[in-house]
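Visitor: I'm new to reading protein structures, and I'd like to look closely at one part rather than rush through everything. Could you take me through the sheet, and then show me some of what else there is to see?

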Amino acid sequence: MALAPQPIASSLEPLPITSQKHDPAWKHCQMFKNGDRVQLKCLYCGKVFKGGGIHRIKEHLAGQKGNASTCLRVSPDVRLLMQQSLDGVVVKKKKKQKIAEEITSISPLPTSEMDTFGNQCDVNSGLQLLAVPETLEPDSSLLVTREEGKTNRGTDRRKRGRVKRADKSAIPDAVAINSIALDSKRGNNQVHMAIARFLYDAGVPLEAVNSVYFQQMIDAIASGGPGVAAPSYQDLRGWILKNSVEEVKNDIDQYMGTWARTGCSVLVDQWNTHNGRILINILAHCPEGIMFLRSVDVSDMMNSADALYELLKELVEEVGVRNVLQVITNGEEQYLVAGKRLSDTFPTLYWAPCASRCLDLMLEDFGKLEWINATLEQAKSIARFVYNHNVVLNMMRRYTFGNDIVAPGMTRFATNFMTLKRMVDLKQNLQDMITSQEWMDCPCSKKPGGLEMLDLISNHSFWSSCILIVHLTDPLLRVFRIVGSEKRPAMGYVYAGIYRAKETIKKELVKKEDYIVYWNIIDNRWEQQWHVPLHAAGFYLNPKFFYSIEGDIHNEIVSGMLDCIERLVPDTKIQDKIMKELNTYKNSIGDFGRKMAIRARDTLLPAEWWSTYGGSCPNLARLAIRVLSQPCSSIVNKRNQIPFEQMHDSRNCLEHQRFIDLVFVQYNLRLMQMVQMNREHDPRDPISFDSSNVVDDWVSGKESCLQDYGTSDWMALDPPSGNTMLLGPSNDEAGDLGAGFDDDEIFNRVKDVEEDNTEDNVVNQ
C-alpha cells in the first residue's frame, strides 16, 4: 500500500514528469530540482535518490541488489513489473552488443569504394549517410577499429584536444547505424504528421486514436507494404460496410448464445439531440457485453404511455420473452405507467428505473443544499482561474506531479463531487504551490482571481467544508461507479452500496436531525428502486453479503428473493425445488461449506461462485446466475460522432437502410471496446473539447480569453500525466462494501416528520 505523500522540502522544486518519459518506473516516483541537480523520490517509501536516474529507481522498486536499496513498501505487482522491465533492458543491451560485434567483424571497404558505397546506400538498403564532421570527440562511439573492435583512443595530447578526422574505413558502418536511428525517428514523425493531416482535414475527433482499432489499422497498413491501396468512398459504403455488418452480427450471435444461461436486460437509453429530437437507443445487456439493436425517434410519443408500452412490448418480443429478466428505462411517469403494464403483460420479467439516473438526481439534490452549493462555487472559482492561465496551470501540474484538480465524471453532478474529492486529495500540493516563491513572483498571483485563490486554499474553513462534503458524497459516487462499470454486473452490489452510503452518512454526522436531511434525499430519489425485487434478490444471492449477516435477514430482502422466485420461475414444481435448495445455501451444506467456497466468497464474482459451487442446488444456481448477471443502469455514453440524426433525417429508402447499417456497425464496435479495452490511455484533459459537456462549469473563463492572450497560449502548456500515485491506490469499489448489515433504521427508511429546522442544522455544521 502506498504511503501518504510526504511534505516537500522547501529547497526542492517539483518538476513535471512529461509524456515523453515512457519508462514504466516514472509512474512510481516524483521528480524534483535541487539547484542544478535532479533528484527522484520513491512514492512508496519516500527515499530520495540524488543520482542514478530512473534506472536506479527501477532497481530500488524491483528489489535488485546492487546500486540501490530495496523498497520494502512497494506492492508485489509493481515489483514484478519493474523486474520485467529490467529484464527487457538487459535483452536490449545484448542485442545492441551483438549488432556492434557484427559491424566490427565486417571487412573494411577500400577508400576508393567510398563513393560507390554512398551512392548505393539509398537504393539498396534505404540508409542515408550523414555528413561527417571535420573533428570527432576521441571517445565518440562512432570511432570503432576493425581489427580489435575497441574504441579508437589516441595519445594524451589527442585526449585533451580533438582529432582531425576519423579513419575513413570506420566511418561508413558507424554512420549507417546512426542513420538508421535518425531515419527511424524521422520516419515516425512523417507517419504521425500524415495521420494528423488526415484527422485535421476530415474533422475526425482526436480521441479516435484511443480506439482499439487504431493501432490495428496502422499495423495492417504497414504489413501491406508501400504499394497498399486505400479503399475508395464507394468501397467503404459498399462491400466493406456489408462485410462489417456480417462481422458484427456474428459477434452478436455469440453474445446471444449465452442468453439461455445468463438471461439479458433490455436497456432503453433516452437522450435529446441538438435539434430537439428525443431519441431512444435500444440495447441488450449480458455479461458478455452490450449490443445495440436499433434507434427510435420517440419525439411524437413521449406523452403517450400507450405508445411507449407498445414499443417496449415489441422490443421484448424481438429479443425473446424467455431471455429477458428486466427492461430498464427512465423513471419518468409515462415510463412508469408503460413499465407496469409491460410487467402485467409479461409476468416473467420486471420493469426497473435506471439506477444511474436516480443516483445522479441524488447528487444534484445534494448540490442544491445551500452550504454545499456555496462550497462548490468557491472550488469552481479556483479551478476556473487555474485552467484559464497557462502559467498557473503549468505550475499546478508541476506541484501535483502531472495530476489535474478537475476530474471529469459521467455527468455534470458526478463531476462536481469527484473534482472536490480530487482537490482534497491534492490539498497539501496546492498549499505548497501558493506558499512557494514561484507563486509569489508570478504576475497572475496579483490578479483578483489569484488573490481569491490564495485566500481559499489558505482557508481552514473552506477545506473543512470540502472534506465533509467528500465524506457525505463519496459513498454515492462509489455506487455510481459500480452501476456504471463493465467489470462486473451491478445487480449483486447495488443494494449493499446504498445501505453502506446511508450508514456512512449516519456515522459521519451522528445526530439524527443532521443525517436525516441526506437520508431523505436518498430515499426520495431511490423510492422506485426500493420496489425492485431484483436488487434485494441480488443482495441475498451474493455470498459475500449473505454470509456476513449475523442473525435473521431483514424481511424486505427475503420478500424480494421470494418475489423473484415466483416471477422469474413460472413452473411451480421448480419453485418448490428452489425453496428446498435455499436451506442448503443458508446452512452452507455440501460444497457451499468447503473452505475453498468460503474463501471464494470474497474473490469470485457472485455468478462465478454459483457456477463453481452450486452444483448440488441446480435450480437455485440457475436462478442465481441469471439474477446476478444483470445490470442496473441504462446509460451508455458511447454515442458521440455516430450519425443518429442523419439516419432519422434520411428520406431515401435505400440510403436510410445504409445509414441504419452504418450506425449498427459503428455503435456496436464502440460498445465492444468497453469489454475488450484493457490498455491505459493518456489521462483525460479537462480543458479538451471532449470533456466540455461535464466540466464546463469548472474550466470556462468568465471573461474573453482574447483579452488576456499572454496567459492563454495553449502551446506553452505541459500535458497532464498518468501519474496518479498521489491520489492513492485504485480500490475495488464493489469489494470494499464490507460486511455487516444490521441497522434496522436504514432498512426501514425512517423519516423525520419535524424537518422545519433541518436546513439550519446543516448550515450550522
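Guide: Let's begin with a turn: β6 and β7 form a hairpin with two residues between them. Keep in mind as we go that this is a predicted model. The two strands of this hairpin run antiparallel and are joined by eight bridges. You can find one pairing by eye if you look for C286, which stands opposite G289 in β7.

Now follow β6 the other way. Strand β6 covers residues 278-286, and β5, residues 264-272, is joined to β6 by eight bridges, again in the antiparallel sense. Here, too, there is a hairpin, with five residues between β5 and β6. In that turn sits G276, which has a positive phi of about 90°. For a pair to locate on screen, try D269, whose bridge partner in β6 is N281. How much of β6 is covered? Eight of its nine residues are buried, so the strand counts as mostly covered.

Step back and you can place these strands in the whole sheet. The sheet is open and has five strands, in the order β7-β6-β5-β8-β9. Its pairing is mixed. At the edges stand β7 (289-297) and β9 (350-353), and each has a single partner strand, so one side of each is left without a neighbour in the sheet. On average, neighbouring strands here are turned by 20° against each other, direction ignored. The antiparallel pairs we met were β5 with β6 and β6 with β7. For a parallel pair, look at β8, residues 324-329, and β9, which pair over four bridges. In this pair, Q326 stands opposite Y350 of β9.

Strand β8 also leads us to a helix. Among the elements that the buried residues of α28 (618-628) pack against is β8, and so we can move on from the sheet to α28. Helix α28 is mostly covered, with eight of its eleven residues buried. They are L620, A621, L623, A624, I625, R626, V627 and L628. Besides β8, these buried residues pack against α9 (259-262), α22, α24 (555-568), α25 (572-586) and α27 (606-613).

The last residue in that list, L628, takes us to a loop. N542 lies in the loop between α22 (533-541) and α23 (543-546), and L628 is one of the residues N542 touches. Setting aside residues up to four places away in sequence, its other contacts are G492, Y493, Y585 and P606. Is N542 buried or exposed? With 1% relative accessibility, N542 counts as buried, because the cut-off is under 20%.

Next, let's look at how helices pack together. Two packed helices are described by the angle between their axes and the distance between the axes. Take α12 (residues 355-368) and α19 (residues 460-484): their axes come within 9 Å and cross at roughly 160°. That makes α12 roughly antiparallel to α19. The crossing is left-handed. On the α12 side, the contact is made by A355, S356, L359, D360, M362, L363 and F366, and on the α19 side by L472, T473, L476, L477, V479, F480 and V483. Sorted by type, these residues are eleven nonpolar, two polar and one charged.

While you are on α19, find P475, which belongs to this helix. P475 is buried, with a relative accessible area of 7%. Apart from neighbours within four places in sequence, P475 is in contact with V470, A501 and T504. Its C-alpha atom is separated by 8.3 Å from that of K502, 27 residues apart along the chain.

For a second helix pair, turn to α14 (residues 390-399) and α16 (residues 427-434), which pack at an angle of about 125° with their axes 9 Å apart. That makes α14 oblique to α16. Here the crossing is right-handed. M395, M396 and Y399 of α14 meet N429, L430, D432 and M433 of α16. This contact divides into five nonpolar residues, one polar and one charged.

Finally, here is the wider setting. The protein chain has 33 helices and nine strands. Of its 765 residues, 45% are buried. Among contacts with a separation of 6 or more, 69% are between residues 24 or more positions apart.

Key:
Residues numbered from 1 in each chain as written. Predicted model: local features only at pLDDT ≥ 70, side-chain atom pairs only at ≥ 80, totals over all residues. Heavy atoms only, no water. Pairing = 2+ DSSP bridges. Axes fitted to C-alpha atoms, helices over the stretch in contact; angles between N-to-C directions. Parallel < 35°, antiparallel > 145°, perpendicular 65-115°, else oblique. Left-handed = near helix turned anticlockwise from the far one by under 90°. Contact = heavy atoms within 4.5 Å. Nonpolar A, V, L, I, M, F, W, Y, C, P; charged D, E, K, R; others polar. Buried < 20%, exposed > 50% of the residue type's maximum accessible area, 1.4 Å probe, protein only.
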